[in-house]
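Reader: I am in my first year and still learning how to read a model like this one. Could you take one small part of the chain, look at it closely, and then lead me outward from there?

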Amino acid sequence: MAEATTIPDEKALLRRKALVAARSSASAYGDEAGLRVAKAFLAAVPLAAGAAVSGYAPLKSEIDPLPLLTQLARRGHAIALPFVEAAGRPLRLKRWQPGEKLTAGQFGVRQPSSEAEDLNPDILLVPLVAFDLEGYRLGRGGGFYDRTIEELRARGPVLTVGLGFAAQNILRVPREAHDQRLDWIVTEEGAFPCTA
């Protein structure tokens with residue numbers, strides 16, 4: 001295999017390797033991974049009473065945040081999920097309750113109805129393909145979360161929390177100017193604040 005020559009090439013190579021690690025971890029942990037992430041998040045991540053939280057509907061080997069979102073909804077937190085409007089645009093975050101029907105959106109994303117109310121979250125849960133301890137991440141390559149985080153931060157404070165498997169941790173994620181740094185990482189092994 002040819003070596004990566006540009007940052008996007010390097011990211012694509014790392015993404016392929018990290019997805020293999022994610023599939024292996026997802027197979028090993030099964031549904032327990034989401035329960036462990038929920039426990040780690042609730043034990044460590046700062047969460048104000050009534051804070052609105054946006055999660056995601058998992059794709060393939062992504063850790064399932066539904067156990068966490070269900071617990072948060074029971075505690076009175078407003079919940080949102082992403083709605084893909086179009087390529088190249090930030091995600092719209094739509095109010096959703098665990099158990100409500102999701103529709104098939106672009107890129108295989110399961111999302112709330114387009115008619116659901118937009119929600120400006122205090123906490124944004126972000127799926128990880130790979131991450132480093134400084135809080136930089138690799139996603140699936142569409143840039144949706146980087147654009148969304150940038151837009152949310154321009155409006156006011158938002159706590160960004162990446163969810164992934166410990167095996168997806170890499171030494172250093174290659175960085176570009178548009179890459180947004182996360183505040184926290186939560187895996188099946190625990191939660192930690194990111195360090196610069």
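**A proline and what surrounds it**

Author: Pro112 counts as buried, because its relative accessible area is 2%, and the cut-off for that word is under 20%. Please keep in mind from the start that this is a predicted model, and that each value I give you is computed from it. Pro112 belongs to the loop that runs between β5 (110–111) and β6. If we set aside the neighbours within four places in sequence, Pro112 is in contact with Leu81, Pro82, Phe83, Lys94, Arg95, Trp96, Leu102 and Thr103. For a sense of distance along the chain and through space, take Val173, which is 61 residues from Pro112 in sequence and 31 Å from Pro112 in space, counted from C-alpha to C-alpha.

One of the contacts of Pro112 is Lys94, and I suggest that we follow that contact next. Lys94 lies in strand β3, and Lys94 counts as buried because its relative accessibility is 1%. What, then, does the side chain of Lys94 meet in a polar contact? The side chain of Asp118 makes such a contact with the side chain of Lys94, at 3.1 Å, and a polar atom of the Lys94 side chain also lies 2.9 Å from the backbone oxygen of Ala116. Leaving aside neighbours within four places in sequence, the residues in contact with Lys94 are Ile79, Ala80, Leu81, Phe83, Pro112, Ser113, Ser114, Ala116, Glu117 and Asp118.

From strand β3 we can step across to a helix, since β3 (92–95) is among the elements that cover the buried residues of α4. The others named as part of that cover are β2 (79–83), β6 (123–127), β8 (137–138) and β9 (159–163). Helix α4 itself takes in residues 144–155, which makes 12 residues, and the distance from its first C-alpha to its last is 17 Å, close to the 16 Å expected at 1.5 Å a residue. Its buried residues are Phe144, Tyr145, Asp146, Thr148, Ile149 and Leu152. When you read a list of that kind, it helps to remember that an α-helix has 3.6 residues a turn, so residues three or four places apart point the same way.

Strand β6 appears again beside helix α2, whose buried residues pack against α1, α3, β6, β9, β10 and β11 (190–193). In α2 those buried residues are Ala33, Gly34, Val37, Ala38, Ala40 and Phe41. Helix α2 has 13 residues and reaches 19 Å between its end C-alpha atoms, close to the 18 Å expected at 1.5 Å a residue. Is every residue of such a helix turned inward, or what does Lys39 look like, buried or exposed? Lys39 has its place in helix α2, and Lys39 counts as exposed because its relative accessibility is 65%.

The meeting of α2 with α3 can be described in some detail. The axes of α2 (residues 32–44) and α3 (residues 66–74) come within 7 Å and cross at roughly 45°, which means that α2 is oblique to α3. On the α2 side, Gly34, Leu35, Ala38, Phe41 and Leu42 take part, and they meet Pro67, Leu68, Gln71 and Leu72 of α3. Sorted by class, this contact of α2 with α3 holds seven nonpolar residues, two polar ones and no charged ones.

Strand β10, another element against which α2 packs, includes residues 184–187, and Thr187 lies in it. Thr187 counts as buried because its relative accessibility is 4%. The side chain of Thr187 reaches the backbone nitrogen of Glu189 at 3.0 Å. Apart from neighbours within four places in sequence, Thr187 is in contact with Val37, Ala40, Phe131, Gly164, Phe165 and Ala166; Val37 and Ala40 are two residues we have already met in the buried list of α2.

Helix α1 also belongs to the surroundings of α2. The 23 residues of α1 (residues 7–29) should span 33 Å at 1.5 Å a residue, and its end C-alpha atoms are 32 Å apart, which agrees. The buried residues of α1 are Lys11, Leu13, Arg15, Ala18, Leu19, Ala22 and Ser25, and they pack against β7 (130–131) and β8. Just after α1, Gly30 takes a positive phi of about 55°.

Technical notes
Residues are numbered from 1 along each chain as its sequence is written. This is a predicted model: local features need pLDDT of at least 70, side-chain atom pairs count only at pLDDT 80 or more; totals for chains, interfaces and linings use all residues. Side-chain values use heavy atoms; hydrogens and water are left out. Helices (H or I, at least four residues) and strands (E, at least two) are DSSP runs, numbered from the N terminus. The expected span of a helix is 1.5 Å times one less than its number of residues. Buried means under 20% relative accessible area, exposed over 50%, partly exposed in between (1.4 Å probe, protein chains only). Contact means heavy atoms within 4.5 Å. A polar contact is a pair of N or O atoms within 3.5 Å; within protein, one must be able to donate a hydrogen and the other to accept it, and residues adjacent in sequence count only if both atoms are side-chain atoms. Axes are lines fitted to C-alpha atoms, for helices over the stretch in contact, and angles run from 0 to 180 degrees between N-to-C directions. Angles under 35 degrees count as roughly parallel, over 145 as roughly antiparallel, 65 to 115 as roughly perpendicular and the rest as oblique. Ala, Val, Leu, Ile, Met, Phe, Trp, Tyr, Cys and Pro count as nonpolar, Asp, Glu, Lys and Arg as charged, and the others, Gly among them, as polar.
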